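Visitor: I would like to learn to read a model like this one. Where do we begin?

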Amino acid sequence: VSLGAGAGLLFTRWGASFLVAVLAGPSERVVLDPHFDLRVLGFTAFGVEAGEVMPAVQVVMAAGLPYTLLRDMVLAHPTMAEGLGDLFAAPPAVPAR
């Protein structure tokens with residue numbers, strides 16, 4: 001799956017049977033729940049202004065919303081947060097159970 005701007009997708013198991021999707025960009029990683037509308041379960045970012053991205057992702061996580069909300073959001077420019085559009089550029093293909 002191509003996610004643009006250096007992002008990639010990995011499905012991995014957490015524990016014995018919990019499957020998660022991990023989107024990885026050049027300086028950020030997000031963990032999605034493929035069983036519940038791709039809700040954002042976790043997020044990390046690295047870089048000088050990475051902290052400015054956290055509030056937007058934190059709101060989506062706290063509300064239990066899917067990553068598509070961030071992907072489709074219009075973000076201010078020029079900021080680090082506008083990189084979220086690249087991270088969430090394409091929907092991940094969820095593997096069959």
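Guide: We will go from confidence to layout, then to the hairpin, the core and an aromatic pair.

Visitor: How confident is the predictor in the protein on average?
Guide: Begin with confidence, since this is a predicted model. The average pLDDT is 75, and 72% of the residues score at least 70.

Visitor: Which elements have the lowest and the highest mean pLDDT?
Guide: Strand β1, residues 8–14, is lowest with a mean of 60. Helix α1 is highest, at 88. Look also at residues 1–6, where pLDDT stays under 50. For that stretch the model has 18 contacts beyond four places in sequence.

Visitor: What pattern do the elements follow along the sequence?
Guide: List the elements in order. Here that gives β-β-β-β-α-α-α, with four strands and three helices. Then ask how far apart in sequence the contacting residues are. Among contacts between residues at least 6 apart, 36% join residues at least 24 apart.

Visitor: In which sense do β3 and β4 pair?
Guide: Read the bridges. β3 and β4 are antiparallel, over six bridges. One partnership sets glutamate 28 against alanine 45 in β4. Now check the turn. Five residues lie between the two strands of this hairpin, and aspartate 37 takes a positive phi near 55 degrees.

Visitor: What tends to happen to nonpolar side chains in soluble globular proteins?
Guide: They tend to be buried together. In this protein, 33% of the 97 residues are buried. The largest nonpolar core has 18 residues. Val30, Leu32, Phe43, Leu84 and Phe88 touch the most other members. Elements giving two or more residues to this core are β2 (18–24), β3 (28–33), β4 (39–45), α1 (54–63) and α3 (84–87). β4 gives the most, with three residues.

Visitor: What about the outside: how much area does the protein expose?
Guide: About 5,500 Å². Carbon and sulfur atoms supply 61% of that area.

Visitor: How many aromatic pairs are there?
Guide: Compare ring centres, then ring planes. The count comes to one pair. Tyrosine 67 and phenylalanine 88 sit 5.2 Å centre to centre, with 45 degrees between the planes, a tilted arrangement.

Visitor: Why does this pair tie together parts that are 21 residues apart in sequence?
Guide: Because tyrosine 67 lies in the loop between α1 and α2 (68–72), while phenylalanine 88 lies in the segment after α3.

Visitor: Is tyrosine 67 buried or exposed?
Guide: Use relative accessibility, where under 20% means buried. Tyrosine 67 is at 1%, so it counts as buried. Phenylalanine 88 is at 0% and counts as buried too.

Methods: Residues are numbered from 1 along each chain as its sequence is written. This is a predicted model: local features need pLDDT of at least 70, side-chain atom pairs count only at pLDDT 80 or more; totals for chains, interfaces and linings use all residues. Side-chain values use heavy atoms; hydrogens and water are left out. A nonpolar core is a set of buried Ala, Val, Leu, Ile, Met, Phe, Trp, Tyr and Cys residues joined through side-chain atoms within 4.5 Å. Buried means under 20% relative accessible area, exposed over 50%, partly exposed in between (1.4 Å probe, protein chains only). pLDDT is the predictor's confidence in each residue, from 0 to 100. Contact means heavy atoms within 4.5 Å. Two strands pair if DSSP finds at least two bridges between them. Accessible areas come from the Shrake-Rupley method with a 1.4 Å probe; for residues, only the protein chains shown count as cover. Rings of Phe, Tyr and Trp (its six-membered ring) pair if their centres lie within 6.5 Å; planes under 30 degrees apart count as stacked, over 60 as edge-to-face and the rest as tilted.
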